[in-house]
Every structure is written in C-alpha cells, then in structure tokens.
Amino acid sequence: MEQERKSKGIIIGVLCAVIIFMSIGFAAMASTLTINGNATISDTWNVQITNITQKAASAGVTENAAPTFTATTANFNVALKEPGDYAVYTVTVANTGTLDAVLRTITETPQAGGSDAIQYTLTPASGSEQGSTLTNTTGTHSFDVKVEYLSTAVGENAPEANASKTYTVTLDYEQATT
C-alpha cells in the first residue's frame with residue numbers, strides 16, 4: 001500500500017509540474033506581439049500645365065478672357081470677327097516630379113450653345129499623343145489648340161460678327177508603369 005501511495009504521489013507531482021510548465025508556456029505564447037515600422041516614399045508627383053501662349057492669330061481675333069489653366073485643364077474663350085479668322089495657342093505641360101507619367105486621356109469639351117461656326121481643333125505635338133510617356137524631372141508635352149471661324153459660314157449660315165464659343169481641354173496623366 002505504501003508503494004501505491006508513493007506512486008500516486010509521484011504521478012500527482014509529475015502532473016502538477018506538467019500543469020505549471022504548460023501554464024508558463026501558454027503565458028509566453030499568449031503575450032501581445034507588437035511590430036513597429038515606418039515606410040517613406042521619396043518620389044514626388046508633379047505633372048501640370050505650365051503655360052498657354054498665342055502662337056498665331058488673324059486680325060479679327062478677340063480674347064473675351066485670356067486663356068486660363070489649372071494643373072490639367074486649359075480653358076479658352078475667343079471671339080472671331082468674320083469667316084476665316086483664327087487663333088492658335090500652344091499649351092505646355094511639364095513633369096517636374098520624380099515619377100514618369102503617361103497621358104491616358106484627352107477630353108475636349110466645347111461650350112454648348114456657342115456659335116456652330118466656331119470650331120476648335122486640338123493637335124498634340126510629336127511625342128505628346130495620348131498614351132505617350134512624359135519623363136520625370138524635365139519632360140514636357142505640348143499641344144496646339146486652333147480656334148477658327150469656319151470659312152464655310154457665309155451668307156445665311158453666318159452668325160453675327162464676333163461669334164464666340166468657349167472650350168475646355170482636360171489632360172489625364174497617370175504614373176507610368178515599367
């Protein structure tokens with residue numbers, strides 16, 4: 001009987017030791033793990049229209065308002081005196097950021113209700129077409145915007161003198177993926 005007691009005592013002691021070790025192991029595994037870190041992005045995005053200049057014009061051109069621009073939108077409001085009058089503006093876009101950009105879309109929005117005899121035409125310079133890459137730091141794109149009083153608008157089809165229509169061009173650039 002004594003031997004039975006000794007064995008029970010040993011078994012109980014071993015079980016207590018196992019429970020203590022398991023408790024310590026659980027406590028060690030159940031502690032909160034905290035991971036701290038920082039990420040820094042050192043690239044900059046800076047693609048924007050930097051200038052609009054009048055490249056050419058006929059004598060009958062009047063700017064109702066000087067062309068205006070925001071980072072990616074150019075606005076024009078030109079009055080033309082008679083059929084055949086025109087003006088050409090150059091829009092310059094620069095990339096002074098550190099990321100290459102791609103011209104995804106060009107959206108042209110003529111004013112609703114303006115004179116149908118006034119027509120705007122956008123012509124990208126070579127290398128400035130939709131889908132072209134604008135390189136970082138020093139890349140530029142340029143576009144010519146021509147506004148003209150259609151020479152076919154004569155007689156009954158001609159609107160009053162000083163016909164006008166506003167026009168907006170929006171350029172959508174995205175980061176280039178290489």
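How many bridges join strand β4 to strand β8, and in which sense do the two strands pair? In this predicted model, β4 (residues 86-95) and β8 (residues 139-149) pair in the antiparallel sense, over 10 bridges. One position illustrates the pairing: Ala94 has Thr140 of β8 as its bridge partner. Such pairing in a sheet runs through backbone hydrogen bonds.

Both strands belong to an open sheet of 4 strands. The order is β1-β4-β8-β6, and the pairing is antiparallel. At the edges stand β1 (47-57) and β6 (118-124), each paired on one side only. Neighbouring strands of this sheet are turned against each other by 20 degrees on average, with direction ignored.

Another open sheet is built from 5 strands. Its order is β2-β3-β9-β5-β7, again with antiparallel pairing. Here the edge strands are β2 (61-69) and β7 (133-134), and each pairs on one side only.

Strand β9 (residues 163-175) pairs with β3 (residues 73-80) over 8 antiparallel bridges. Within this pair, Phe76 stands opposite Tyr167 of β9. Strand β9 also runs antiparallel to β5, and 9 bridges join these two. Ala101 has Gln175 in β9 as its bridge partner. Strand β5 (residues 101-110) in turn pairs with β7 in the antiparallel sense, over 2 bridges. Here Val102 is matched with Thr133 in β7 as its bridge partner.

The loop between β6 and β7 holds Ser128. Is this residue buried or exposed? Its relative accessibility is 3%, so Ser128 counts as buried; the cut-off for buried is under 20%. The side chain of Ser128 reaches the backbone nitrogen of Ser142 at 3.1 Å. Ser142 is also one of the contacts of Ser128 when neighbours within four places in sequence are left aside. The others are Leu103, His141 and Phe143. Of these contacts, Ser142 lies within the residue range of β8, 139-149.

Helix α1 covers residues 2-29. How far apart are its end C-alpha atoms? They are 40 Å apart. This agrees with expectation, because 28 residues at 1.5 Å a residue should span 40 Å. The number of buried residues among the 28 of α1 is 0, so the helix lies largely in the open. An α-helix has 3.6 residues a turn, so residues three or four places apart point the same way.

How values were computed: Residues are numbered from 1 along each chain as its sequence is written. This is a predicted model: local features need pLDDT of at least 70, side-chain atom pairs count only at pLDDT 80 or more; totals for chains, interfaces and linings use all residues. Side-chain values use heavy atoms; hydrogens and water are left out. Two strands pair if DSSP finds at least two bridges between them. Axes are lines fitted to C-alpha atoms, for helices over the stretch in contact, and angles run from 0 to 180 degrees between N-to-C directions. Buried means under 20% relative accessible area, exposed over 50%, partly exposed in between (1.4 Å probe, protein chains only). A polar contact is a pair of N or O atoms within 3.5 Å; within protein, one must be able to donate a hydrogen and the other to accept it, and residues adjacent in sequence count only if both atoms are side-chain atoms. Contact means heavy atoms within 4.5 Å. The expected span of a helix is 1.5 Å times one less than its number of residues.
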